[in-house]
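Trainee: I have a new structure to look at, and I would like to learn how to read it step by step. Could you guide me through it?

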Amino acid sequence: MNAYAVVGFLVAFGASGCYAAFTVLEGRRVAAKVLALQQAVDAQDLHSAEPRSQDS
Amino acid sequence: MSPSTNQPPQAEGRRSRLVRDRQTISWLLGASAFVLLALVSVLAITTPAPDYVQGEASRLIYVHPATAWVSYAAFATNVVCALLWLWPRTRKIGWDHAAGAAAHIGVFFVSMTFVLGAIWGRGTWGTFFRLRDARMASTLVLLLMYLGVVTLRQLPSSPTSRARRTALGSLLAFVNVPIVHFSVLWWDTLHQGPTLAKPEKPSIDGMPLATMLLSFVAFTVLFSWLMIHRTRIERWNDALLGDDLDTAITARQAEGRVARSGIPA
């Protein structure tokens, strides 16, 4: 095999693997944010919340 | 209170079963993509080079056409989802999420096609890129147009106006896909003509053909797996963005009311 084929295969399989890994990591990062947001909403007692004063 | 806990137990059970099924499908697709790509990488090295004249560089036929095919598939998925969003009867924000995911994946695969083509071109034609070549120039334009679509999605706006904007951008960009594909037939280019998609017998046979077809299957499975994950990311990003956007819109509206009434904030 010559250098072009070797570099080509490294690009094809390496980049695909990196993109797949990046997708998984991005998914986890966004999922963690959504979960944190949901937990923050769950922690609030929305029914007892007073409307904020217009003066403040 | 979590939104899911407000649902009746039957609906909750169905929902968790659906989530479990989706996870199983995602896991199976991911594992299949990994195994198939590993097999393709072994076969691409062990199978003889398919072209005597081009020599060893022609081994790139085992990956380059497959990545081009996946970019076409991604752009076709993108435009179908865009049309489904634009059609009032089928309009759902989920189509926009899928369209965004497909555009992102398409940009990645067309970039890879471009790079692999440049490497192959350097090995056989002696040049990485030639702007006056129809296939190379049209592929570059395709990449730039879909980069534009992906960038349009990043601009801050409501999900509806973002979906409309990117759907129209997708329709415009997709016009270039057939131009790229048929450029080798419509113009004289350095790029070779079709190997498989032609009326007569394919230009290769035996193990090289089997390896090439397997690479199409492997990259298509990878595309399906990526679609599941990227669509989910788009949906979750919207959930986060919606909150920030509502806050920002409320703040701007309040500023506007203050400015109109002439009362300093």
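Trainee: How many residues of chain A are in contact with chain B, and how many residues of chain B take part?

Mentor: Keep in mind from the start that this is a predicted model. In it, 25 residues of chain A are in contact with 32 residues of chain B. Sorted by class, the side of chain A that touches chain B has 16 nonpolar, six polar and three charged residues.

Trainee: Which helices and strands should I look for in chain B?

Mentor: Chain B has seven helices and zero strands, and its pattern along the sequence reads α-α-α-α-α-α-α. Of the 265 residues of chain B, 34% count as buried, and among its contacts between residues at least 6 apart in sequence, 75% join residues at least 24 apart.

Trainee: How should I read a single helix, and which residues of α4(B) are buried?

Mentor: An α-helix has 3.6 residues a turn, so residues three or four places apart point the same way. Helix α4 of chain B, residues 134-154, has 21 residues and reaches 30 Å from its first C-alpha to its last, close to the 30 Å expected at 1.5 Å a residue. Its buried residues include B:Ser138, B:Leu142, B:Met145, B:Tyr146, B:Val149 and B:Arg153. Among the elements that cover the buried residues of α4(B) are α2, α3, α5 and α6 of chain B.

Trainee: Which residues have the most contacts inside the largest nonpolar core?

Mentor: The general idea is that in soluble globular proteins, nonpolar side chains tend to be buried together. Here the largest nonpolar core has 56 residues, and those with the most contacts inside it are B:Leu60, B:Ala99, B:Tyr146 and B:Leu222. Helix α1 of chain A and the helices α1 to α7 of chain B each supply at least two residues of this core, and its largest share, 16 residues, comes from α3(B). If you leave out residues up to four places away in sequence, B:Ala99 touches B:Asn78, B:Cys81, B:Ala82, B:Trp85, B:Thr166, B:Ala167 and B:Ser170.

Trainee: Why does B:Thr211 count as buried?

Mentor: The test is a count of neighbours, with 20 or more other C-beta atoms within 10 Å needed for a residue to be buried. B:Thr211 is buried because 24 other C-beta atoms lie within 10 Å. This residue, B:Thr211, is found in helix α7 of chain B, residues 206-261.

Trainee: Which residues is B:Thr211 in contact with, leaving aside neighbours within four places in sequence?

Mentor: They are B:Val40, B:Leu43, B:Ala44, B:Thr47 and B:Tyr62. B:Leu152, by contrast, is 59 residues from B:Thr211 in sequence and 38 Å from it in space, C-alpha to C-alpha.

Definitions and conventions. Residues are numbered from 1 along each chain as its sequence is written. Chains are lettered from A and ligands numbered from 1 in the order in which they are written. This is a predicted model: local features need pLDDT of at least 70, side-chain atom pairs count only at pLDDT 80 or more; totals for chains, interfaces and linings use all residues. Two residues are in contact if their C-beta atoms, placed from the backbone, lie within 7 Å. Ala, Val, Leu, Ile, Met, Phe, Trp, Tyr, Cys and Pro count as nonpolar, Asp, Glu, Lys and Arg as charged, and the others, Gly among them, as polar. Helices (H or I, at least four residues) and strands (E, at least two) are DSSP runs, numbered from the N terminus. The expected span of a helix is 1.5 Å times one less than its number of residues. A residue is buried if 20 or more other C-beta atoms lie within 10 Å of its own, exposed if 12 or fewer, and partly exposed in between; C-beta atoms are placed from the backbone. A nonpolar core is a set of buried Ala, Val, Leu, Ile, Met, Phe, Trp, Tyr and Cys residues joined through C-beta atoms within 7 Å.
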